[in-house]
2 protein chains.
Amino acid sequence: MDQKTTEIWEQFRDLLRKMTSYGEALALLHWDLRTGAPKNGAEARAATIGMLATENFKLQTSEEMGVYLSYLNRPEVLAELNETDRRLVSTVQEEYDYNVKIPPQKFQEYTELVSHAETLWTDFKRNSDYAGFEPYLTKIVEKTQEFIDYWGPKATRYDTLLHMYEPELTVEKLDQVFGRLRDRLVPLVQQIAEASDRPDASFLDNTFDIAKQHKFSLDMLKEIGYDLDGGRVDETEHPFETTINPGDVRITTHYYEDDLTSALFSSLHEGGHALYEQNVDSKLNGTPLSQGTSMGIHESQSRFWENFIGRSREFWNRYYGELQQHFPEQLKDVSVDQFYRAINRVESSLIRIEADELTYNLHVIIRYEIEKMIFNEGLAVSDLPKVWNEKYQSYLGVTPSNDGEGVLQDVHWSGGSFGYFPSYALGNMYAAQFAHTIRKELPEFDSLIAAGNLGPIKDWLTDKIYKYGKSLKPAEIIKQVTGEDLNPDYLADYLEQKYKEVYKL
Amino acid sequence: MDQKTTEIWEQFRDLLRKMTSYGEALALLHWDLRTGAPKNGAEARAATIGMLATENFKLQTSEEMGVYLSYLNRPEVLAELNETDRRLVSTVQEEYDYNVKIPPQKFQEYTELVSHAETLWTDFKRNSDYAGFEPYLTKIVEKTQEFIDYWGPKATRYDTLLHMYEPELTVEKLDQVFGRLRDRLVPLVQQIAEASDRPDASFLDNTFDIAKQHKFSLDMLKEIGYDLDGGRVDETEHPFETTINPGDVRITTHYYEDDLTSALFSSLHEGGHALYEQNVDSKLNGTPLSQGTSMGIHESQSRFWENFIGRSREFWNRYYGELQQHFPEQLKDVSVDQFYRAINRVESSLIRIEADELTYNLHVIIRYEIEKMIFNEGLAVSDLPKVWNEKYQSYLGVTPSNDGEGVLQDVHWSGGSFGYFPSYALGNMYAAQFAHTIRKELPEFDSLIAAGNLGPIKDWLTDKIYKYGKSLKPAEIIKQVTGEDLNPDYLADYLEQKYKEVYKL
């Protein structure tokens with residue numbers, strides 16, 4: 001590198017580090033809003049988040065950034081960079097192109113709005129107050145529509161939103177993939193509904209001390225390799241993972257005294273997200289590559305640890321004894337087989353994050369269809385509770401008794417995350433495809449789990465996926481790791497095999 | 001106001017709001033470091049705090065700010081402003097003059113250093129590791145010395161640091177005031193040491209459930225009027241109050257299972273700070289006037305609620321029954337008189353924040369003398385533990401068994417807060433002077449406390465002190481409220497009267 005290139009490269013990296021610091025402050029301000037920030041501070045907090053996000057946005061789209069990018073993005077300069085640095089330049093260029101189209105003032109208004117709405121959502125959900133939430137959601141949709149115009153609609157308006165979370169994803173492709181999945185899963189769900197030998201989960205109708213749940217969940221997080229020196233666990237209404245910085249990857253869960261498994265599996269789920277973030281190569285620190293590559297790949301890791309590990313027979317052969325020690329009274333007459341079948345029972349339910357592995361995908365498809373209706377067919381925000389309830393009745397045979405457990409159940413829309421939900425089903429498909437490969441490459445996979453020796457599994461995932469952070473695209477990762485493109489049949493195969501065994505079909 | 005003045009005024013206010021938002025982010029980043037941020041994130045966090053503090057500092061000392069100030073600070077413009085707005089301009093001008101002398105790069109290095117040191121301090125204290133801490137403290141002192149040179153030394157180098165926390169305070173004045181206080185208190189401490197009728201505090205050697213302590217402390221915080229919709233309570237190594245924004249004023253405490261009163265009185269102490277911050281007039285929001293006017297006046301409020309209210313006989317006549325209900329076993333044979341005398345026993349101790357009202361001032365004087373030695377006499381940082389231990393032996397007759405309970409006991413030096421400690425004794429003197437006045441103006445003061453009707457007391461303090469925030473100087477407040485300047489005799493009178501009664505002298 002000549003002297004000028006070196007100088008520009010250093011300035012470019014300094015600018016990225018500065019943006020990373022804004023990102024840390026913003027992540028913490030958001031985390032804090034959800035983990036107990038007092039409500040009287042919400043208005044000033046929204047202004048603060050708006051200000052910092054705008055400053056960060058200004059840097060991201062600054063003239064300075066434009067100058068660096070056009071200098072670095074020339075063949076003779078790119079030729080001097082290593083592959084990772086080239087990826088860094090192209091990723092920053094993509095974000096620049098994407099964001100430079102939004103006027104900073106619009107961006108600030110938007111971030112203040114969603115920050116405020118996210119804070120209020122907790123109360124709206126608790127009080128099932130859709131009427132209170134509706135004006136906020138209406139504004140968020142309006143502003144999102146405006147942003148789609150700035151970005152320029154793709155094949156459909158909703159495609160523009162999908163692209164934000166999963167670069168290659170289109171409505172056309174999702175319609176196909178979801179179609180294939182539905183075709184294979186619907187008969188399975190049907191078979192299960194008619195099965196005569198059903199799991200007995202009656203022992204879960206009991207009271208489970210929250211302090212003990214917390215202790216056991218924490219133990220399991222340590223078992224999967226979550227590093228508490230680089231993270232912390234808090235309680236929130238809706239569990240989430242957030243990366244404050246690479247040495248500070250936090251998760252939250254929600255304990256219920258009358259539910260033994262909710263906090264446990266949400267801990268493993270968020271723990272899976274956290275393992276991904278904690279194991280990105282540290283050479284990517286201070287750049288936008290130091291994070292999971294897409295929402296779909298991210299979700300594949302949370303679902304992998306929650307379901308492919310945490311809901312496996314081998315896992316409970318190893319850890320059920322410890323769980324029994326925490327709850328000797330409640331579990332004294334429950335065998336590990338009964339427990340395993342109970343945590344894998346299939347039941348149509350109202351809440352996505354509580355859903356079993358099979359019906360989960362239907363929750364996602366409902367949300368996907370509603371979001372398409374909003375952005376491609378002009379569905380009015382005021383009609384959302386009605387459409388929501390109808391779809392739940394028609395797809396899952398259940399109807400929410402109030403909007404708190406219906407349309408208000410997730411925080412995502414209050415934060416403006418439209419186009420995000422499909423990633424959840426995509427995550428299941430990626431996870432199954434990775435699991436298929438890991439069983440070939442680590443033939444002792446099952447016995448590692450049964451021995452509680454999860455380190456080699458985490459190491460395999462780190463080596464194949466985590467360490468790359470965002471320096472590989474999702475489609476590249478899936479191809480490089482599994483040798484083929486996304487294929488929904490791996491998920492269908494896995495679910496068929498597992499659930500036929502659980503239901504003795 | 002003509003159009004140009006109106007425009008500049010609005011731009012000036014926007015700039016202040018932006019600085020306020022940086023302040024909120026920084027306060028939260030610091031709060032988080034102390035309330036459980038994982039240690040692996042400390043390095044990146046220090047960089048983030050450094051970056052944001054530097055951005056804020058750049059705004060504070062920007063050319064733009066200089067232009068606004070020189071425009072606004074002209075007689076014809078000032079004449080058009082109301083008194084509060086004139087104070088705003090002069091306060092911002094003072095901060096500008098003070099900060100414009102520090103090169104931004106130096107400032108960033110400094111904030112990164114103290115942020116890092118503050119984080120590490122918790123472990124250094126826990127492990128009594130002064131050798132580990134020394135290189136950080138050495139650097140902090142060096143940089144502080146550099147800053148004194150930038151600011152320009154006053155009568156002595158240490159005067160420059162005092163000025164930062166208490167504008168009117170000088171070494172000369174402090175030497176006088178502390179001298180007068182010592183002259184009156186030393187004989188009293190002596191008399192007490194020889195008293196034959198001593199409080200029996202043996203019932204405090206017991207175990208007190210932490211959850212119950214937490215509950216009772218929270219109840220007492222509500223009683224004094226701390227608004228939990230605008231605050232939250234957490235546990236940290238060293239208790240503190242921090243204002244994230246005017247609607248988000250947080251406090252922390254530290255519970256000890258073998259100590260009933262530590263968390264309780266530190267809660268009332270930090271709660272007193274919080275009452276001040278929660279009751280500043282909201283018209284000052286978004287400006288640097290929206291906070292307590294000085295460290296000394298601030299400390300007067302924490303000490304007022306902790307001691308003048310919380311350690312009074314009337315307070316326990318009202319609340320002791322409730323405390324007994326929380327700890328029926330431990331307190332069943334303890335009368336309210338015995339309890340009152342026990343929480344007001346005088347004993348030389350090692351830890352300032354645990355000290356009684358009388359010896360507390362000696363802890364502060366030791367620290368004051370050491371800080372003077374560092375900055376005015378070149379005392380080496382490596383000699384601090386030795387000097388510390390000698391002074392504790394000579395002033396209080398006790399010697400720390402390790403540096404964790406000695407020189408490392410407080411977080412302040414790791415955060416670079418030199419010149420801060422004298423405020424603690426100043427706070428006691430202000431508090432006594434305010435208490436003298438409130439008894440004249442609210443003759444029912446004692447019976448209000450005895451009735452648990454603390455609202456009128458909080459209202460009086462709000463009306464006389466809190467609402468003004470930083471729009472009055474400490475000397476103006478004390479004069480306006482009490483009709484005279486700071487007078488250490490009020491504290492000495494109060495202590496003499498109270499402790500002669502407690503010790504039946």
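This briefing covers a sheet in chain A, one buried phenylalanine, a helix pair in chain B and the relation between the two chains. The model is predicted. In chain A, three strands form an open sheet in the order β1-β3-β2. Chain B superposes on chain A by a rotation of 180°.

**The sheet of chain A**

- The 3 strands of the open sheet have mixed pairing.
- β1 and β2 of chain A are the edge strands, each pairing on one side only.
- From one strand to the next, the twist averages 30°.
- Helix α1 (residues 3–34) of chain A packs on this sheet and touches β1, β2 and β3 of chain A.
- The direction of α1 makes about 140° with that of β2(A).

**Strand pairing around β3(A)**

- Strand β1 (residues 233–235) of chain A runs parallel to β3(A), and 3 bridges join them.
- Within that parallel pairing, A:Val233 stands opposite A:Ile251.
- Strand β2 (residues 241–245) of chain A runs antiparallel to β3(A), with 4 bridges between them.
- A hairpin of 2 residues connects β2(A) to β3(A).
- A:Thr242 has A:Arg250 of β3(A) as its bridge partner.
- A:Thr243 has A:Val249 of β3(A) as its bridge partner.

**Burial of β3(A)**

- Strand β3 spans residues 248–253 of chain A, and 6 of its 6 residues are buried.
- The strand is therefore largely enclosed by the rest of the structure.
- In a regular strand, side chains alternate between the two faces of the sheet.
- One side of β3(A) carries A:Asp248, A:Arg250 and A:Thr252, all buried.
- The other side carries A:Val249, A:Ile251 and A:Thr253, also all buried.
- Both faces of β3(A) are thus covered.

**A:Phe418**

- A:Phe418 sits in the loop between α17 (384–396) and α18 (422–441) of chain A.
- Its relative accessible area is 1%, so A:Phe418 counts as buried, the cut-off being under 20%.
- Leaving aside residues up to four places away in sequence, A:Phe418 touches A:Leu137, A:Ile140, A:Val141, A:Thr144, A:Leu161 and A:Tyr165.
- The contacts of A:Phe418 also include A:Glu371, A:Ile374, A:Phe375 and A:Trp413.
- A:Phe240 lies 178 residues from A:Phe418 along the chain, and their C-alpha atoms are separated by 17 Å.

**Helices α2 and α6 of chain B**

- Two packed helices are described by the angle between their axes and the distance between the axes.
- The axes of α2 (residues 42–60) and α6 (residues 104–126) of chain B come within 8 Å.
- These axes cross at roughly 145°.
- The crossing of α2(B) and α6(B) is right-handed.
- From α2(B), the contact uses B:Ala42, B:Ala46, B:Ala47, B:Ile49, B:Gly50, B:Met51, B:Ala53, B:Thr54 and B:Phe57.
- From α6(B), the contact uses B:Pro104, B:Phe107, B:Gln108, B:Thr111, B:Glu112, B:Ser115, B:His116 and B:Thr119.
- By class, the contact of α2(B) with α6(B) has 9 nonpolar, 7 polar and 1 charged residues.

**How the chains are related**

- The 180° rotation that places chain B on chain A has 0.0 Å of shift along its axis and gives an RMSD of 0.0 Å.
- This is the relation of a two-fold axis.
- B:Ala25 has the C-alpha nearest the axis in chain B, 3.2 Å from it.
- Of the interface residues of chain B, 97% are also interface residues in chain A.
- The copies therefore meet through the same surface.

Key:
Residues numbered from 1 in each chain as written. Chains lettered and ligands numbered in written order. Predicted model: local features only at pLDDT ≥ 70, side-chain atom pairs only at ≥ 80, totals over all residues. Heavy atoms only, no water. Buried < 20%, exposed > 50% of the residue type's maximum accessible area, 1.4 Å probe, protein only. Pairing = 2+ DSSP bridges. Least-squares fit on C-alpha atoms with pLDDT ≥ 70 in both. Contact = heavy atoms within 4.5 Å. Axes fitted to C-alpha atoms, helices over the stretch in contact; angles between N-to-C directions. Left-handed = near helix turned anticlockwise from the far one by under 90°. Nonpolar A, V, L, I, M, F, W, Y, C, P; charged D, E, K, R; others polar.
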